[in-house]
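Hi,

Here is the structure I promised to pass on to you. Have a look at it first, and then read my notes below.

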Amino acid sequence: MDLTNCTFSAGIVFSFPDKYLLQPGARILIVRDAAAFQAAYPAIPAGQIAGAFTGDTALSNNGEPLELLAANGLPIKSFTYNNNAPWPEAADGSGAGLVLINPTLNPDHTNPANWRRSTALALPGTGDAYTYTTWATANSLTDAGGSLDPDSDGLANLIEYALGTPPGSATTPPLVPLLQPLVVDGLPGSWLTVALTRPPGRDDATLTVESSTDLTPGWLPALPVGAPIQNLDGTTTQLYRHPAPAAGPRQFLRLKAIRVP
Ligand SMILES: [Ca+2]
Ligand SMILES: [Ca+2]
């Protein structure tokens with residue numbers, strides 16, 4: 001992709017130089033001071049640095065609009081990030097960075113759900129996503145689809161990967177149903193809930209909690225209660241509830257994993 005004359009109109013002051021080419025899937029860096037950056041990160045090739053922004057326009061830790069314009073003046077990307085929920089608050093402060101989930105799928109940058117905290121200290125110029133394939137190889141699994149359950153704990157390998165649990169030994173059921181009092185839309189009631197805890201970085205597996213009252217096809221999404229909780233170990237916990245209050249004879253919640261291509 002030829003980025004000649006592509007310009008940031010918000011966020012930083014920077015225009016790409018003449019004949020600047022970005023290869024498919026490549027990552028480039030725009031830094032405050034190229035020499036200082038190279039001294040701090042000697043392992044990063046100088047060719048990965050596209051240049052330095054000017055005018056002391058470093059990105060705000062509190063969030064701000066960011067817009068990249070094409071040479072014809074039309075926006076390529078335009079969005080405003082933030083350090084408060086529903087944006088991932090764990091990316092705030094020193095250390096972890098704000099990372100786009102599954103960037104090769106060209107997600108909507110304006111949607112905070114498409115962003116997460118980095119899995120460790122933010123390392124410029126690299127992706128930090130783990131993959132099911134890497135995990136399966138590390139665990140000596142020959143299960144490309146992730147549907148097998150070699151430890152017979154009822155959790156298919158893709159779910160074990162998404163949860164960060166061991167595929168070779170029995171895992172405690174990850175969803176513990178709990179009836180609890182909640183006020184929903186101003187109405188107090190008793191609701192069937194589960195808490196789902198996930199490690200960051202397993203972007204190629206989506207996990208959803210689904211609900212039913214009769215186990216027939218046509219499960220409906222369970223609904224999140226409140227904002228996700230960022231745990232000290234880097235995992236995130238989200239509480240979900242059945243869409244209807246616990247008035248009927250039976251309610252069910254299940255966990256569904258889908259492999260993102
Ligand atoms: Ca299993
Ligand atoms: Ca297991």
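Strand β5 (residues 65–69) runs antiparallel to β6, and the two are joined over 5 bridges. Across that pairing, L68 of β5 stands opposite K77 in β6. Please keep in mind that this is a predicted model.

Both strands belong to an open sheet of 4 strands, ordered β2-β1-β5-β6 and paired in the antiparallel sense. Its edges are β2 (14–15) and β6 (75–80), each of which pairs on one side only. As you look at the strands, remember that side chains in a regular strand alternate between the two faces of the sheet.

Further along the chain there is a hairpin you may like. Strand β13 (residues 223–230) pairs with strand β14 (residues 236–241), again antiparallel and over 5 bridges. In this pair, P224 stands opposite Y240 in β14. The hairpin has 5 residues between its strands, and G234 takes a positive phi near 95 degrees.

On to the domains. The assignment for the protein chain lists domain 1 (7–117), domain 2 (132–163) and domain 3 (178–259). Between domain 2 and domain 3, the C-alpha centres are 23 Å apart. How many residues of domain 2 are in contact with domain 3? There are 7, and they meet 8 residues of domain 3. Helix α3 (residues 157–163) supplies the largest share of the domain 2 side, with 5 residues. By type, that side of domain 2 divides into 6 nonpolar residues, 1 polar and no charged.

Happy browsing, and do write back with any questions.

Best wishes

Technical notes
Residues are numbered from 1 along each chain as its sequence is written. Chains are lettered from A and ligands numbered from 1 in the order in which they are written. This is a predicted model: local features need pLDDT of at least 70, side-chain atom pairs count only at pLDDT 80 or more; totals for chains, interfaces and linings use all residues. Domain bounds come from an automatic or database domain assignment. Two residues are in contact if their C-beta atoms, placed from the backbone, lie within 7 Å. Ala, Val, Leu, Ile, Met, Phe, Trp, Tyr, Cys and Pro count as nonpolar, Asp, Glu, Lys and Arg as charged, and the others, Gly among them, as polar. Two strands pair if DSSP finds at least two bridges between them.
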